[in-house]
Amino acid sequence: MDDLKHSSAHIATNDIPRKIPVLPIVDTNLFPKMVLPLVLIQKEAIELIDEAMAGNRMLGLLLSKRSDLDSKHTANDLHRIGTVAVILKMSKMEDEKAQLLIQGLNRFKVVKFLQGKQYMQAEIQVMASKNTGRYKENRALMSNIVEQYEKIVALSPGLPSEMGHMIKSLQEPNVLADMVASTINAPVKEKQKVVELLDVNLRLKKVTRLVNDQLEILEMGSKIQNQVKEDMDKRQREYYLRQQLKAIKEELGETEDERLEIREYKTLIEKNLPDESRKEAERELRRLSRMHPSSSEYVGATTYLDWLTSLPWQEKSKDRLDIKEARNILNHDHYGLEKPKKRILEYLAVRKLKKDSKGPILCFSGPPGTGKTSLGRSIAKALGRKFVRVALGGVRDEAEIRGHRRTYVGALPGRIIQQLRKVGKNNPVFLLDEIDKVSSSYQGDPSSALLEVLDPEQNFSFTDHYLDLPFDLSDVIFLTTANVIHTIPPPLLDRMEVLELNGYTEDEKLKIATRYLIPKQRDANGLLANQIRFTPGAVKKIIAGYTREAGLRNLERRIGAICRGVASEVAEKKTTDLVIRQDNIKKYLGPVQNMPYLDLKIKTPGVVVGLAWTPFGGEILFIEAVAMRGNQRLTLTGQLGDVMKESASTALSFIRANFEKLKVDETFFENHDIHIHVPEGSIPKDGPSAGVTMLTALVSLISGKRVCPRLAMSGEITLRGEVLPVGGIKEKVIAAHRAGIKILILPLWNKKDMEDIPDHIKDNMDFFFTDKMEDVLSKAFNI
């Protein structure tokens, strides 16, 4: 290790060379006459120091505009005014670092940077301080700086008291300004401005502003510290006096020190909480009794105890398990839905025979408006239990289910615990609505939290994050609803038994409207039974012409619109009673919205009716094919998905491979382009079930034959001409019946699904089942 020393006392301004090495510095400043320690880690900087030590030991220090230490600084990164310094001491360490002690000599300005070395060099111009002759003003500024600086020294533990005496002894204004600027805690950029000021008067004014800012900050910090200390002393004194008062009252045998609130909590804890939760509540109560009511923790503790003592830990509703009464309630509240109602009655029967049975979690799946939520209400009504509904649509935070931990400000339990407190019973019928619309985010996955809630083997000890205590959910009957089940995570779906609620037929809608919807809307709009009546034909026209849905919501809205129109006429005394018939519906609902276009579409070859399933029920689908002169190109339009496009390609390949068996012209493909279109192009469509429809449409186009009228079909095809089964049969059959279809071609394997079809639909339609494409074509063209 080298150890070299040098003094700067004898170095004059003329001794400073015109060309000197330049060392960039970061987050610090050097002023003339001041001493600065540095540690160098970069290879170029150490090489610079070695050459400087071999020469006059002088170098220029320039402040970098960047604050990173490791990267190499360029000339553009540096300020142009800095300080010439001389190395007083240099020590090299074993880890290739160097320690320096340098002293500032004079300010300098870079004339230009020089090339040729690994480190920076520059041609410089030494800059002398300018005294403009304002002697009295300078003395006043110096006096003010010294006075303020002494206050800074008194408030700063890091500055020794000797610094105040040293500053007092300085008579040169430029030296005083530099020394004060170098020792106060000011931003590096502001200190650099002091370095760049040559006018002594302006420099003193700048330093005065920095000193005043620093003093104001220190005084404010001291004031804050004193306030905190006073508050702590006050609390300690209050605590000491309170403990003394408590000891005195204990000696006197007085028990009034227990606040009324504490006694109320204690009574509620002993009365309501089970043994395992009581210990935690009593511990929190003891902690509360030691707090001052004005403290912030006191509010959090009382809120927590409020939740603990108000939850229905042991409060239950008494079950009314009368199966006959339950059947009557379900039949009264819901028309149709025989399968779901049968499963619900089985569920209730098991609970009647085995009180502690842990039944499955039922999930009602079906299109909107089919009665999923109202089924949950009917179950609660049949059991005599409270009913709770929680909407999960759009929930993306796990804390919505499990609650927030008490460490967060404004923390609350999750929705499960909140709703149980609201109903005041620990065994309600709890409906989790729209469970298929739960989403996850960076805040957690609510569906994962629901795994514990919906598992009968785990939910007896459900732990909310806020309560941090197990709560028994095993007596709660959980029900869920969903429009589709494919968006529900598989582990969550595995915990539920899915009951499908399919769409209603036209006859079912007619009866429901007559029994439920019309009386409901009549009462809602202030009409009497003799003031408005609907004929069956009018209701059927509303269903067919103004609604297209599997459920009943739009139908109820249309009936409500008519009732409002009639109510307006009754209020204006234009009528006293009115019968709604087919011919006067237009007055209230406007023109028919659903065009009866079935007969118009099948008058040309290449058009076939298919069937589609949607989350809102079944729909009929028209497949149109046309040919034009071209070179074997196949065009598909109508926003078709990849699976549907593949079905079209499969159909075309099957026809070309079997042209002799199908009796079509082989040369047709060589000279024609084929375009397949599915109308309502703004709606995306996908799935394999249109395969037989596309193949039939192509054969119809090529052969020039039209398919039989009022015929529809659905099924997936293979290249071998087999017809594979598809899903959503009931919804598709109902849609076909609604559209006036009389003949329906379906895959052979789907024959088993016919037991779900209402008898009156089966009696009004002919069903043809096959697993061969040749049979489909024979039936379609009536060959």
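1. A good place to start is helix H14 (residues 415-423), which lies across E9 and strand E10 (429-433) and runs at about 150 degrees to E9. Helices (H or I, at least four residues) and strands (E, at least two) are DSSP runs, numbered from the N terminus. Axes are lines fitted to C-alpha atoms, for helices over the stretch in contact (heavy atoms within 4.5 Å), and angles run from 0 to 180 degrees between N-to-C directions.

2. Please keep in mind that this is a predicted model, where local features need pLDDT of at least 70, side-chain atom pairs count only at pLDDT 80 or more, and totals for chains, interfaces and linings use all residues. Residues are numbered from 1 along each chain as its sequence is written, and side-chain values use heavy atoms, leaving out hydrogens and water.

3. E9 and E10 belong to an open, parallel sheet of 5 strands, ordered E9-E10-E13-E8-E14. Strand E9 (387-391) and strand E14 (496-500) are at the edges with a single partner strand each, so one side of each has no neighbour in the sheet. Two strands pair if DSSP finds at least two bridges between them.

4. Within that sheet, strand E8 (residues 361-365) pairs with E14 in the parallel sense over 5 bridges. Phe 364 has Leu 499 in E14 as its bridge partner.

5. Another open sheet has 7 strands with mixed pairing, in the order E19-E20-E18-E17-E21-E24-E25. Here, strand E17 (residues 607-614) and strand E18 (residues 617-629) run antiparallel, joined by 8 bridges. Strand E24 (residues 743-747) and strand E25 (residues 766-770) run parallel, joined by 5 bridges.
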